[in-house]
Every structure is written in structure tokens, then in C-alpha cells.
Amino acid sequence: MAEPADDLLQLKGVGKVLAQRLGEAGLGSFAAIAEAGAPGLQRVAGISPSRVNSLLEQARQRTAAPLDQAHSPKEALQQRLDQVKEHLQALAEKTREQFADRLAGKQGRKLAGDLVRIDDALNRLGDGGRKGAKRAAKALDKVEKRVTDLDGISLKKVHKRLKKARKTLAKAL
């Protein structure tokens with residue numbers, strides 16, 4: 001296999017077949033993926049729309065500072081934690097705007113409690129939880145997946161996803 005395709009296998013969610021398809025589409029390196037952006041990745045068969053942003057972010061990180069990631073996994077984990085916290089804050093703001101009238105009751109208290117618990121768990125994970133960085137990275141992937149792309153869902157489903165995210169973080173600690 002060519003060297004650029006080998007590099008693409010380092011991206012989470014990219015296997016041999018997808019790496020080959022990316023290479024055939026002219027996106028055989030991290031820099032090419034970062035330059036193509038979301039529209040370029042969406043044209044490649046086999047990439048789900050929900051993974052486009054993740055692949056772009058990974059490619060951008062690898063083109064920006066590949067040596068930093070290799071030498072400091074703790075810093076890479078902290079960057080991921082910051083990203084997940086930003087997604088969580090955006091979700092909280094969006095939920096407040098969308099469901100302002102319904103957040104005064106019991107559902108609002110449950111939602112706020114889950115947000116606080118998730119934030120506490122993320123802080124503990126960043127402080128070096130009991131388990132390894134690899135497990136923490138997997139948990140962050142699951143949490144990020146659950147707190148993004150929540151357009152058009154009900155408040156009850158938002159709460160359900162936050163609860164699942166909280167439980168995922170609890171397992172990682």
C-alpha cells in the first residue's frame with residue numbers, strides 16, 4: 001500500500017477500503033483532506049455524513065502538529081476534552097433556546113443535573129482517571145457522537161442522550 005494510504009489508516013473510522021477510496025478521489029493525505037473540507041469528503045462513497053466533521057478535525061490536527069501528538073498523548077486528550085466540552089456547551093445553549101418554555105420544570109432540572117455530572121466527569125477524566133488514555137479517547141468519541149447532531153429532536157431524547165453520555169463517562173473513570 002502507498003505511504004499516504006498508510007497514513008490515512010491512522011484516522012479513526014478509516015479502514016483499508018475507505019483509505020483506498022480517499023486516495024482514488026485525490027485525498028490521499030491529511031493535508032488534502034483538510035483542504036477538501038466537508039464538501040470534498042461528502043463526495044467520497046462510504047463516508048457517512050455524521051463522520052465528516054470528525055475526519056476533517058483529525059486530518060487538520062495531523063497536518064497542524066503531528067509531532068506534538070506523538071510526544072504528548074496527555075495534551076491530545078486534553079484537546080479532545082476541550083472539544084467535547086465546547087460541544088456540550090453549544091448543546092446546552094441550543095437546548096435553552098429551543099425549549100425555553102419547558103426547562104422550568106422537572107425536565108429542566110434533570111437536564112441541568114446531567115450537564116453538571118457530565119462536566120464533572122470530563123474534568124475527572126482530564127485529571128487522569130483510573131483507566132488508560134485509550135479508553136478515555138473511546139469514551140470521548142461516544143460522548144461527542146451523542147452530544148452532536150441533535151437537530152430536531154425532542155427534549156426527552158436530548159435528556160436520554162445526555163444520560164447515556166454520562167454513563168459512558170462513568171465507565172471510563
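On a 1 Å grid laid over the protein atoms alone, a pocket is an open set of points with protein on both sides within 12 Å along at least five of seven lines, and the residues that line a pocket have an atom within 4 Å of one of its points. Grid points are joined across faces, edges and corners, and a volume is the space filled by probe spheres set on the points. The structure discussed here is a predicted model, in which local features need pLDDT of at least 70 and side-chain atom pairs count only at pLDDT 80 or more, while totals for chains, interfaces and linings use all residues. Residues are numbered from 1 along each chain as its sequence is written, and side-chain values use heavy atoms, with hydrogens and water left out.

**Overall fold**

The chain has nine helices and zero strands, so defined because helices (H or I, at least four residues) and strands (E, at least two) are taken as DSSP runs numbered from the N terminus. Along the sequence the pattern is therefore α-α-α-α-α-α-α-α-α. Of the 173 residues of the chain, 36% count as buried, where buried means under 20% relative accessible area, exposed means over 50% and partly exposed lies in between, with a 1.4 Å probe and protein chains only. Contact means heavy atoms within 4.5 Å, and among contacts in the chain between residues at least 6 apart in sequence, 61% join residues at least 24 apart.

**The second largest pocket and helix α8**

The second largest pocket has a volume of about 210 Å³, and its lining consists of R135, K138, A139, K142, R146, K164, K167, T168, K171 and A172. Helices α8 (133–147) and α9 (155–172) each supply at least two residues of that lining. By class, the lining holds two nonpolar, one polar and seven charged residues, with Ala, Val, Leu, Ile, Met, Phe, Trp, Tyr, Cys and Pro counted as nonpolar, Asp, Glu, Lys and Arg as charged, and the others, Gly among them, as polar.

The expected span of a helix is 1.5 Å times one less than its number of residues. For the 15 residues of α8 this gives 21 Å, and the end C-alpha atoms of α8 are 21 Å apart, which agrees. The buried residues of α8 are A136, A139, L140, V143, E144 and V147. Seen down the axis of α8, these buried residues fall within an arc of 135 degrees, so they line one face of the helix; the arc is that of the directions from the helix axis to the C-beta atoms. The face of α8 turned away from this buried side carries the exposed residues K134, K138 and K145.

**Helices α7 and α2**

Helix α7 (residues 106–126) has 21 residues and reaches 30 Å from its first C-alpha to its last, close to the 30 Å expected at 1.5 Å a residue. In α7 the buried residues are G108, L111, D114, L115, I118, A121, L122, L125 and G126. They cover an arc of only 155 degrees around the axis, and so sit on the same side of α7. The face of α7 turned away from its buried side carries the exposed residues K106 and R109.

In helix α2 (residues 16–24), L18, A19 and L22 are buried. These cover an arc of only 100 degrees around the axis, which puts them on the same side of α2, whereas K16, V17 and E24 are exposed on the other side. An α-helix has 3.6 residues a turn, so residues three or four places apart point the same way. Just after α2, G26 takes a positive phi of about 85 degrees.

**Individual residues in helix and loop**

Three residues can be set side by side by location and accessibility.

| Residue | Location | Relative accessible area |
|---|---|---|
| A25 | loop between α2 and α3 (30–42) | 44%, partly exposed |
| R51 | loop between α3 and α4 | 31%, partly exposed |
| Q58 | helix α4 (residues 52–64) | 15%, buried |

Leaving aside neighbours within four places in sequence, Q58 is in contact with Q10, L11, K12 and R51. R51, for its part, touches K12, G13 and Q58, not counting residues up to four places away in sequence. The C-alpha atoms of R51 and K145, 94 residues apart along the chain, are separated by 9.1 Å, and those of A25 and R43, 18 residues apart along the chain, by 8.6 Å.

How values were computed. 1 Å grid on protein atoms, 1.4 Å probe; cavity = no way out; pocket = protein on both sides within 12 Å on 5 of 7 lines; lining within 4 Å.
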